Amino acid sequence: MDWTEVTIFTSTEGIEPVAALLDELEIYGYALEDAADFAEFLESTEIYWDYVDEGLKKELSEQETKIKIYLPDSPDGERQYAALCARLAEQKARDSGNAWGRLTTETALTRQADWEWGWKQYFKPFPVGERFVIKPSWEECAPEEGRQILEIDPASSFGTGSHDTTQLCICALERTVRGGERLLDMGTGSGILAIAAAMLGAKAETVVDIDEHCLACALENAEKNGVAIGRALHGDAQKDAALAGAIGDGYDIICANIVADIIIGMAGMFREKLAPGGTLICSGILNERAEDVKAALLAQGFTGLARTATADWSAYVARRPV
């Protein structure tokens, strides 16, 4: 299948609302080019700019924040794109201060082979946390002492392990899993968090995603790593009461690497699904939204909130009271 690459022009402040909009439209997985990251890069590497072309320096300094998504080159993809454009126009109308940037789009056709090579050439083995080396199947890598190799082929699903939010969750799992815990992974993507948890000794009992492709990808990745995923459930648990019921409860750990607004909206459900004393690990939270997520978790009675963060992203570990 060929794909339509859609570039959404926004701003650093617009990342969260645009990401939440994509989630509402059931468009999952995106590539982010944040102007704030370019600015930080220019500032932190200033010493070298005498050796860099002035045109390139100017180009980098004027970068606009972009979010890139990939829609199928099909009638369904065309309908998704039309809905996206309409919703972006609504967001733009509400953004009287122009804080969220242009909120316009550009499209380009991407051939399947070109798309696959475009990210595969940059996906190399790398360590995460204290226990893992993440690698794709096409790369050879000798295991380091004290680390396990987690092999992941994300295809078009989110979760190579390179994103800050995924790494924050994996590190939290390393601190949390003791062995035998029942785990629920909400928004599993490539399955990387469920697989990491299983390799640490947890039981990856249930994974959930709105995208059926992600579920197939997660199951394939679990098999590559010699671990089992119990159930793979498809749908939106916020909107589908039958699915929410089918997920069950009594989980010892829930992972939710999604976005802040969805975590806030599902905080009550997370509490219900956890066993007393169970642990919620959540990320996908821009630092500017960390306090909003904290307030939502506290309002649902979560305790022992521990936040970890990178330059842009936050994660929380929280517990349901016994």
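The exercises below, each with a worked solution, concern a predicted model of a protein.

**Exercise 1. Describe the make-up of the protein: how many helices and strands are there, and what percentage of its residues count as buried?**

Solution. Begin with the secondary structure, which consists of 11 helices and 14 strands. Next take the burial, where 48% of the 322 residues count as buried. Then turn to the surface, since the protein exposes about 15,100 Å², with carbon and sulfur atoms supplying 51% of that area. Finally, consider the contacts between residues at least 6 apart in sequence, of which 66% join residues at least 24 apart.

**Exercise 2. Work out how helix H10 and helix H11 are oriented relative to each other, and state which residues meet.**

Solution. Two packed helices are described by the angle between their axes and by the distance between those axes. For H10 (residues 260–273) and H11 (residues 290–299), the angle is about 10° and the axes are 9 Å apart. Angles under 35 degrees count as roughly parallel, and H10 and H11 are therefore roughly parallel to each other. On the H10 side, Ala 260, Ile 263, Ile 264 and Ala 267 take part, and they meet Asp 292, Val 293, Ala 296 and Leu 297 of H11. As a further step, look at Ala 299, which is also found in H11. Its C-alpha atom is separated by 8.8 Å from that of Ala 267, although the two residues are 32 apart along the chain. Ala 299 has 63% relative accessibility and so counts as exposed.

**Exercise 3. Determine how far helix H1 and helix H7 are enclosed by the rest of the structure.**

Solution. In H1 (residues 15–24), 9 of the 10 residues are buried, so this helix is largely enclosed by the rest of the structure. The buried residues run from Ile 15, Glu 16 and Pro 17 through Val 18, Ala 19 and Ala 20 to Leu 21, Leu 22 and Asp 23. They pack against the strands E1 (3–10), E2 (31–33), E3 (65–72) and E12 (274–286), and against the helices H4 (75–94) and H10. For H7 (residues 192–200), the count is 9 of 9, so H7 too is largely enclosed by the rest of the structure. Among its buried residues are Ile 192, Leu 193, Met 199 and Leu 200. H7 is followed by Gly 201, whose phi is positive, near 120°.

**Exercise 4. Compare Glu 26 with Leu 103: where does each lie, and is each buried, partly exposed or exposed?**

Solution. Start with the backbone: Glu 26, a residue other than glycine, has a positive phi near 60°, and Leu 103, likewise not a glycine, has a positive phi of about 55°. Then locate them, Glu 26 in the loop between H1 and E2, and Leu 103 in the loop between H4 and strand E4 (104–110). Last, read the accessibility: Glu 26 is partly exposed, with a relative accessible area of 42%, whereas Leu 103 counts as buried at 6% relative accessibility.

**Exercise 5. Characterise the surroundings of Asn 221, and state which arginines lie over the face of an aromatic ring.**

Solution. Asn 221 lies in helix H8 (residues 212–224), where its relative accessibility of 1% makes it count as buried. Leaving aside neighbours within four places in sequence, Asn 221 is in contact with Glu 151, Ile 152, Asp 153, Ser 190 and Ile 195. As for the rings, Arg 102 lies over the face of Phe 9, at 4.2 Å from the ring centre, and Arg 182 lies over the face of Tyr 251, at 4.7 Å from the ring centre. The structure holds 0 aromatic pairs.

Key: Residues are numbered from 1 along each chain as its sequence is written. This is a predicted model: local features need pLDDT of at least 70, side-chain atom pairs count only at pLDDT 80 or more; totals for chains, interfaces and linings use all residues. Side-chain values use heavy atoms; hydrogens and water are left out. Helices (H or I, at least four residues) and strands (E, at least two) are DSSP runs, numbered from the N terminus. Buried means under 20% relative accessible area, exposed over 50%, partly exposed in between (1.4 Å probe, protein chains only). Contact means heavy atoms within 4.5 Å. Accessible areas come from the Shrake-Rupley method with a 1.4 Å probe; for residues, only the protein chains shown count as cover. Rings of Phe, Tyr and Trp (its six-membered ring) pair if their centres lie within 6.5 Å; planes under 30 degrees apart count as stacked, over 60 as edge-to-face and the rest as tilted. A charge sits over a ring if NZ of Lys or CZ of Arg is within 6 Å of the ring centre and within 35 degrees of the ring normal. Axes are lines fitted to C-alpha atoms, for helices over the stretch in contact, and angles run from 0 to 180 degrees between N-to-C directions. Angles under 35 degrees count as roughly parallel, over 145 as roughly antiparallel, 65 to 115 as roughly perpendicular and the rest as oblique.
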